Amino acid sequence: MKIAIIGPPRTGKTTIFNALTGNSVSTDKYAPIANEPNVAVVQVPDERVTKLSELYQPKKTIYAQIEYRDYPGIFSASNENPDNAMFSDIKTCDGFVLVMRAFVDEELEELYPLGEVLHQLTNFEEEMLLMDLMIAEKRREKIELGYKRGVKTPVLQFEDKVLEEVCAQLQAGKPLREMQLNAEEEKVIRGFKFFTQKPMIVLINCNEEDYHNLDNLKSEIQAKGYTAEVIAGRFEEELSKLDNEEAKLFMEDIGIEESIKDRLTRLCYSMLGYISFFTVGEDEVRAWTIEKGSNAVTAAGKIHSDLARGFIRAECFNYNDLMEYGSEKHLREKGLFRLEGKDYIVQDGDILFIRFNV
Ligand SMILES: Nc1nc2c(ncn2[C@@H]2O[C@H](COP(=O)(O)OP(=O)(O)OP(=O)(O)O)[C@@H](O)[C@H]2O)c(=O)[nH]1
Ligand SMILES: [Mg+2]
């Protein structure tokens with residue numbers, strides 16, 4: 001899972017990246033805007049993996065991973081080109097975390113004026129719509145040029161028709177993620193990796209003293225259809241440098257119930273519609289991530305393509321049942337150790353053994 005941390009300049013993206021990953025990337029407010037993302041891969045905190053590891057005592061324990069890519073502020077220059085390398089890089093991510101500046105820093109506001117949070121959000125949305133529109137229009141012009149040269153295939157005509165609808169949606173100020181597309185249409189536009197098609201979480205980055213005062217703002221952003229969350233970015237960055245016990249005390253002081261790492265992991269999973277399944281054994285206990293609604297063959301393919309190709313069946317039980325009854329033996333007695341076929345829809349917390357033959 002690859003998550004892009006994006007936003008206008010100096011909203012605290014790198015501060016939040018540090019809090020999430022334990023890194024110490026500089027957040028000097030007078031430094032020039034960077035031109036490369038900061039990248040880190042973090043383990044997904046999952047106590048189920050820890051418990052399974054205690055139970056199976058494997059040689060290796062492997063948690064699921066999230067790659068966070070923290071990009072420098074974007075859309076600050078009015079002449080940004082939608083084809084630039086950074087935008088292309090951002091678009092390879094599965095989902096976006098958009099950071100808004102809700103802390104007051106007069107110097108920063110002077111250097112990089114952003115205004116109120118809702119205003120920041122609207123501006124950012126407009127920039128994204130515009131970038132997508134430029135890309136869609138450019139492609140349509142190219143198709144048109146082809147028509148003039150006599151290249152007019154049904155495939156191109158279909159693409160042009162879909163892009164016409166895409167442009168209409170964008171011109172109406174609506175993100176593409178709200179567009180109803182059938183499988184064919186979806187396939188035609190997938191390659192463009194449009195900004196406004198990506199799922200997005202909005203983080204309201206504030207000082208710790210405002211942490212509990214921004215519920216109205218949060219609701220207003222949620223009303224626009226986003227998952228929104230209030231974050232005390234700099235405070236959490238400091239917490240990430242403390243040991244767990246100490247950090248817990250400070251969190252209790254402010255009334256933060258869950259660290260940003262735990263919260264954002266959960267939100268990213270639900271934003272992308274992902275769930276976890278596990279494989280267990282003497283060698284390895286491991287968590288895997290798949291889209292909700294995936295079948296057993298897709299899950300097998302995550303582990304190895306041979307397992308999908310030669311799939312026979314999945315032996316399966318659920319983590320919660322294992323915790324309730326204590327051992328595989330007891331699960332068998334209760335009939336909770338199941339044999340499932342190709343079409344079985346894998347559930348969050350399933351433990352799978354794939355039987356295969358290649
Ligand atoms: N008061 C306050 N300052 C913050 C907070 N989060 C970040 N800052 C400050 O804002 C400045 C910019 O923070 P960064 O994390 O570098 O911001 P950024 O969004 O990564 O900046 P660019 O990548 O240049 O766009 C730094 O001086 C931070 O200390 C916060 O929650 N409260
Ligand atoms: Mg930064």
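This passage walks through a predicted model of a protein chain with a bound ligand, from its overall make-up to a few individual residues.

A good place to start is the chain as a whole. Its secondary structure comes to 15 helices and twelve strands. Along the principal axes, the C-alpha trace spans about 65 × 65 × 35 Å. Of the 358 residues, 47% count as buried.

Strand S1, made up of residues 2–6, offers a convenient entry point near the beginning of the numbering. Four of the five residues in S1 are buried, which leaves the strand mostly covered. S1 has a parallel partner in strand S4 (residues 65–70), to which it is joined by four bridges. Within this pairing, Lys2 stands opposite Glu67 of S4. Four bridges also link S1 to strand S5 (residues 95–101), and these two strands again run parallel. Here Ile3 is the residue to look for, as it faces Gly95 in S5. As background for viewing these strands, side chains in a regular strand alternate between the two faces of the sheet.

Following the chain onward from S1 leads to the loop between S1 and H1, where Arg10 is found. Arg10 has a positive phi of about 55°, although it is not a glycine. Its relative accessibility is 17%, and because buried means under 20%, Arg10 counts as buried. Arg10 also belongs to the surroundings of ligand 1: of the 19 residues around this ligand, those that come nearest are Arg10, Lys13, Thr14, Thr15 and Asn207.

The contacts with ligand 1 can be described atom by atom. A polar side-chain atom of Asn207 lies 2.6 Å from a nitrogen atom of the ligand. The backbone takes part as well: an N or O atom of the Gly12 backbone is 2.9 Å from an oxygen atom of ligand 1. For Cys206, a backbone N or O atom lies 3.3 Å from an oxygen atom of the ligand. Taken alone, ligand 1 exposes 650 Å², and the protein buries 93% of that area. The space that ligand 1 takes up is the largest pocket. Two elements, helix H1 (13–21) and helix H9 (233–239), each give two or more residues to the shell around the ligand. The largest share, three residues, comes from H1.

A second residue with an unusual sign of phi for its type can be set beside Arg10. Gln57 has a positive phi of about 45° and is not a glycine either. This residue sits in the loop between helix H2 (47–56) and strand S3 (60–62). Is Gln57 buried or exposed? With a relative accessible area of 60%, Gln57 is exposed, whereas Arg10 is buried.

The tour ends with strand S12, which covers residues 350–356. Five of its seven residues are buried, so S12 is largely enclosed by the rest of the structure. Strand S10 (residues 311–318) and S12 run antiparallel and are joined by seven bridges. In this pairing, Glu315 has Phe353 of S12 as its bridge partner. S12 also pairs with strand S8 (residues 274–279), this time in the parallel sense and over two bridges. Phe277 can be found opposite Asp350 of S12.

Note on methods: Residues numbered from 1 in each chain as written. Chains lettered and ligands numbered in written order. Predicted model: local features only at pLDDT ≥ 70, side-chain atom pairs only at ≥ 80, totals over all residues. Heavy atoms only, no water. Buried < 20%, exposed > 50% of the residue type's maximum accessible area, 1.4 Å probe, protein only. Pairing = 2+ DSSP bridges. Near = heavy atom within 4 Å. Polar contact = N/O pair within 3.5 Å; in protein donor to acceptor, adjacent residues only side chain to side chain. Areas by Shrake-Rupley, 256 points an atom, 1.4 Å probe, with all protein chains shown as cover. 1 Å grid on protein atoms, 1.4 Å probe; cavity = no way out; pocket = protein on both sides within 12 Å on 5 of 7 lines; lining within 4 Å. Sits in = over half its atoms within 2 Å of the grid points.
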